[in-house]
Amino acid sequence: MTVPSVLLSVFMFFIGFGTKWFEEWYRHRYQAAREKEARHDARREQLLWRQADFQRQNLLDLQDAVMRLARTSGQIHHHDSMAAKQTGSWGRNFAPEGVSEAHRDAQATTTVILVRIRDKKIRTLTQELKAHCASAGIAESESASLKSMISMNDTFELLNERIGDLLRNLEDLELREK
């Protein structure tokens, strides 16, 4: 073997080695980028599912809280009606301690949960419902209180329907993804 052919063989060996090394480096870099993107997508999807679960639980909790709020508002209205029949004057009596505390708790719970809800319509309807409940409790006449109670009931139905729609949408999303 002559010197030029040996040099050519060594040169071709290093060219092959360098080409293989570059190919492996490029493949590793491409694979690492794909794996990083897959991890990022998995984290994003996991975050979306956590957000959906968080919203679902908050919607369920809000539904319970507004139910308690409406129930205690009705109890307070009934108590005021019974007291007005006995005394002849409206709104001069305090609600029973347990009802009053349950009403305060429902108002507070609703406020806390409300700030976690993403849906603007639900937030608006809940604020309207709370305003009707408050108006019923401080009304200066039985007719004004009754009007607030009717408005509260109408708002409650709309709110409950909207919560149900969003819960079904979350469920549909979950079923589509599985």
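This report covers the salt bridges, a nonpolar surface patch, an aromatic pair and the largest pocket of a predicted model.

## Salt bridges in helix α1

The structure holds eight salt bridges. Side chains of opposite charge can pair when their charged atoms come close. One of the eight joins R27 and E24, with a distance of 3.2 Å from N to O. Helix α1 spans residues 3-87, and R27 and E24 are three residues apart in this helix, a separation of about one helical turn. Both side chains have some access to the surface: R27 is partly exposed at a relative accessible area of 41%, and E24 is partly exposed at 35%. The R27 and E24 contact belongs to a network of salt bridges that links K20, E23, E24 and R27.

R56 forms another salt bridge, with D53 as its partner and 2.7 Å between the closest N and O atoms. R56 and D53 also lie in helix α1, three residues apart, or about one turn of the helix. The relative accessible area of R56 is 17%, so this residue counts as buried, the cut-off being under 20%. D53, in contrast, is partly exposed, with a relative accessible area of 38%.

## A salt bridge in helix α2

Helix α2 covers residues 97-114 and contains both E101 and R104. The side chains of these two residues meet in a salt bridge, at 2.7 Å from N to O. E101 and R104 are three residues apart, about one turn of the helix. E101 is partly exposed, its relative accessible area being 38%. R104 also counts as partly exposed, at 44% relative accessibility.

## Nonpolar surface patch

A nonpolar patch on the surface is formed by V6, V10, F13, F14, F17, W21, F22, W25, Y26 and Y30. Together these residues have about 1,100 Å² of accessible area. Among them, W25 lies in helix α1. The relative accessible area of W25 is 37%, so W25 is partly exposed; this value also satisfies the patch cut-off of over 30%. F22, another member of the patch, counts as partly exposed at 48% relative accessibility.

## Aromatic pair

Rings whose centres lie within 6.5 Å are taken as a pair, and by this rule the count comes to one aromatic pair. The pair consists of F22 and W25, whose ring centres are 5.7 Å apart and whose planes meet at 35 degrees, so the arrangement is tilted. Stacked planes would be under 30 degrees apart, and edge-to-face planes over 60.

F22 and W25 both lie in helix α1, where they are three residues apart, about one turn of the helix. Both residues also appear in the nonpolar patch described above.

## Largest pocket

Rolling a probe the size of a water molecule over the atoms shows where empty space is left. The largest pocket has a volume of about 330 Å³. Its lining is made up of 19 residues, of which I76, D80, N93, G137 and I138 are the closest to the centre of the pocket.

Three elements, α1, α2 and α3 (120-138), give two or more residues to the lining of the largest pocket. The most comes from α3, which gives five residues to this lining.

Notes: Residues are numbered from 1 along each chain as its sequence is written. This is a predicted model: local features need pLDDT of at least 70, side-chain atom pairs count only at pLDDT 80 or more; totals for chains, interfaces and linings use all residues. Side-chain values use heavy atoms; hydrogens and water are left out. A salt bridge is a side-chain nitrogen of Lys or Arg within 4 Å of a carboxyl oxygen of Asp or Glu. Helices (H or I, at least four residues) and strands (E, at least two) are DSSP runs, numbered from the N terminus. Buried means under 20% relative accessible area, exposed over 50%, partly exposed in between (1.4 Å probe, protein chains only). Patches are made of residues with over 30% relative accessible area and no salt bridge: like charges are joined within 9 Å, nonpolar side chains (Val, Leu, Ile, Met, Phe, Trp, Tyr) within 5 Å. Accessible areas come from the Shrake-Rupley method with a 1.4 Å probe; for residues, only the protein chains shown count as cover. Rings of Phe, Tyr and Trp (its six-membered ring) pair if their centres lie within 6.5 Å; planes under 30 degrees apart count as stacked, over 60 as edge-to-face and the rest as tilted. On a 1 Å grid over the protein atoms alone, a cavity is a set of points where a 1.4 Å probe fits but cannot get out, and a pocket is an open set with protein on both sides within 12 Å along at least five of seven lines; lining residues have an atom within 4 Å of a point. Grid points are joined across faces, edges and corners, and a volume is the space filled by probe spheres set on the points.
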